[in-house]
Amino acid sequence: MSILIKNGTVITAQDNYVADVYIEKDRITTIGADLKIAADRIIDAKGKYVIPGGIDVHTHLDMPFGGTTSSDDFETGTRAAAFGGTTCLIDFAIQAKGTKMRDALDLWWKKGENRATIDYGLHMIVTDLPDAHLEDMNDMVREGVTSFKLFMAYPGVLMVDDATIFKAMRQTAQNGALVCMHAENGSVIDVIVRKTLAEGKTAPIYHGLSRPTTAEGEAVNRAIALAEMAGAPVYIVHLSSNDALQKVAEARDRGIPAYAETCPQYLFLSIEDLERPNFEGAKYVFTPPLREKWHQDKLWEGLRTNNLQVVSTDHCPFCFKEQKEMGKDDFTKIPNGGPGIENRLQLLFDGGVNKKRLSVNRWVELVSTTPAKMFGLFPRKGTIAVGSDADIVIWDPNVEHVISAQTHHMRVDYSMFEGFKVKGNAETVLSRGEIIVDNGKFFGKAGRGQFLKRDTYAGAWK
Ligand SMILES: [Zn+2]
């Protein structure tokens with residue numbers, strides 16, 4: 001199968017030019033002006049952008065949490081991603097305490113195979129790390145799992161101590177992987193949460209009020225200090241507040257390889273959403289929590305100045321009915337997470353490019369190119385170039401779309417961005433040279449997505 005995309009405006013992190021893109025089987029083989037090559041299919045992209053498919057490096061599909069499981073599996077989640085122009089994601093396998101990471105990898109491979117409709121990689125969440133198991137991390141790296149996530153929050157469940165974080169970072173200093181940190185001071189938050197509940201405060205808003213921005217700033221600072229001592233880079237996941245951003249900025253000013261992502265929810269929503277009536281605030285319960293509105297401008301500024309390098313979603317959907325409702329009388333029992341895998345490119349394009357906060361090249365860089373570089377997928381993914389995978393989105397910058405649970409493809413009964421009007425949406429989506437979405441119809445198949453072995457010493461090291 002060969003495809004010729006004609007007359008589109010190719011947008012990469014660097015360039016912006018009108019050209020034809022020729023795809024043979026799963027790769028881009030020729031890019032040029034007015035190509036005269038026979039193809040099985042010709043797509044006219046005049047007036048549209050031709051961009052590398054989005055890469056979402058933070059998703060939780062089919063993930064157990066607090067006695068339930070996130071409502072999208074690898075089939076429904078990757079399909080929804082594709083509709084929104086995301087052609088690759090990196091999900092998280094979770095090492096159960098006292099077990100080998102290999103067991104978790106096997107389990108998550110089973111969740112992905114026969115279901116994923118786009119290519120995917122896995123990070124490994126480390127929950128304990130006795131010295132005898134340090135070699136486990138090298139085992140994962142050999143399998144292409146070249147990033148590890150550790151939690152400074154959720155004591156008794158996922159939280160690890162500083163020694164464990166430091167050991168993991170030292171190991172990555174030797175094997176070229178990257179440590180990703182959930183940075184919130186979980187021990188302090190736990191004390192505040194207990195006190196809050198003891199005072200009879202059980203509504204969703206108390207989820208936000210019991211997790212102060214200072215707890216995030218402190219943990220980010222500590223994570224960066226540990227990385228500095230270990231001689232390794234560090235990547236802060238879902239950074240939500242100015243306090244945390246300032247810690248990253250300070251470190252970067254000193255030349256420390258500290259990196260961070262934020263997510264659309266922190267750019268577009270705020271703590272008031274947790275106060276919605278009829279328990280609807282539960283739809284916005286995730287960690288870190290939503291912040292006061294003024295943080296949004298600071299995060300946009302961080303995206304502009306490159307103190308934030310990536311926008312991911314932390315997609316972790318739980319239905320309002322039956323799942324979020326588990327916490328009706330106790331905010332600590334509300335499953336933590338929200339849906340967003342489908343809307344990342346739309347929101348960033350509308351709020352970033354249309355609102356003149358970001359150039360169109362910076363948009364591509366934040367949602368595709370830097371994620372690929374940071375996590376060892378570049379230049380196979382993350383750009384439009386000869387030899388790269390034909391993961392391509394034909395983006396219509398002028399089409400208007402209203403985000404709604406009525407029309408979205410995520411398997412969840414609400415949208416965090418219900419009623420948001422956005423301009424710009426994916427029209428045609430190719431994954432390794434196959435058209436999987438075209439004009440609102442899905443043509444992909446469950447199981448066609450491949451597990452990606454990722455490189456070591458990727459962007460964070462350079
Ligand atoms: Zn997450």
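## What surrounds helix α3

In this predicted model, the buried residues of helix α3 are covered by neighbours that include α2 (101–112), β10 (119–125), β11 (147–151) and α4 (162–175). The helix itself spans residues 134–142 and is mostly covered, with seven of its nine residues buried. If you would like to find them in the viewer, look for L134, D136, M137, N138, D139, M140 and V141.

Just past this helix, the backbone has a feature to check in your torsion plot: α3 is followed by G144, which has a positive phi near 90°.

## The zinc site

Three residues coordinate the zinc ion: H58 and H60, each through NE2, and D314 through OD, at 2.0 to 2.2 Å. Along the chain, these donors follow the spacing H-x1-H-x253-D. H60 sits in the loop between β6 (54–59) and β7 (64–65), while D314 belongs to the loop between β15 (310–311) and α11 (344–354), so this pair ties together parts that lie 254 residues apart in sequence.

Both H60 and D314 are buried.

## How α8 meets α10

Now for a helix pair. The axes of α8 (residues 242–253) and α10 (residues 294–305) come within 9 Å and cross at roughly 25°. Because angles under 35 degrees count as roughly parallel, α8 is roughly parallel to α10. Their crossing is left-handed.

On the α8 side, the contact is made by N242, D243 and L245, and α10 contributes W294, H295, K298, L299 and G302. Sorted by class, this contact has three nonpolar, three polar and two charged residues.

Note on methods: Residues are numbered from 1 along each chain as its sequence is written. This is a predicted model: local features need pLDDT of at least 70, side-chain atom pairs count only at pLDDT 80 or more; totals for chains, interfaces and linings use all residues. Side-chain values use heavy atoms; hydrogens and water are left out. Axes are lines fitted to C-alpha atoms, for helices over the stretch in contact, and angles run from 0 to 180 degrees between N-to-C directions. Helices (H or I, at least four residues) and strands (E, at least two) are DSSP runs, numbered from the N terminus. Angles under 35 degrees count as roughly parallel, over 145 as roughly antiparallel, 65 to 115 as roughly perpendicular and the rest as oblique. A crossing is left-handed if the near helix is turned anticlockwise from the far one by less than a right angle, and right-handed if clockwise. Contact means heavy atoms within 4.5 Å. Ala, Val, Leu, Ile, Met, Phe, Trp, Tyr, Cys and Pro count as nonpolar, Asp, Glu, Lys and Arg as charged, and the others, Gly among them, as polar. Donors are N, O and S atoms within 2.8 Å of the metal (3.2 Å for Na, K and Ca); water is not among the atoms, so sites may look incomplete. Buried means under 20% relative accessible area, exposed over 50%, partly exposed in between (1.4 Å probe, protein chains only).
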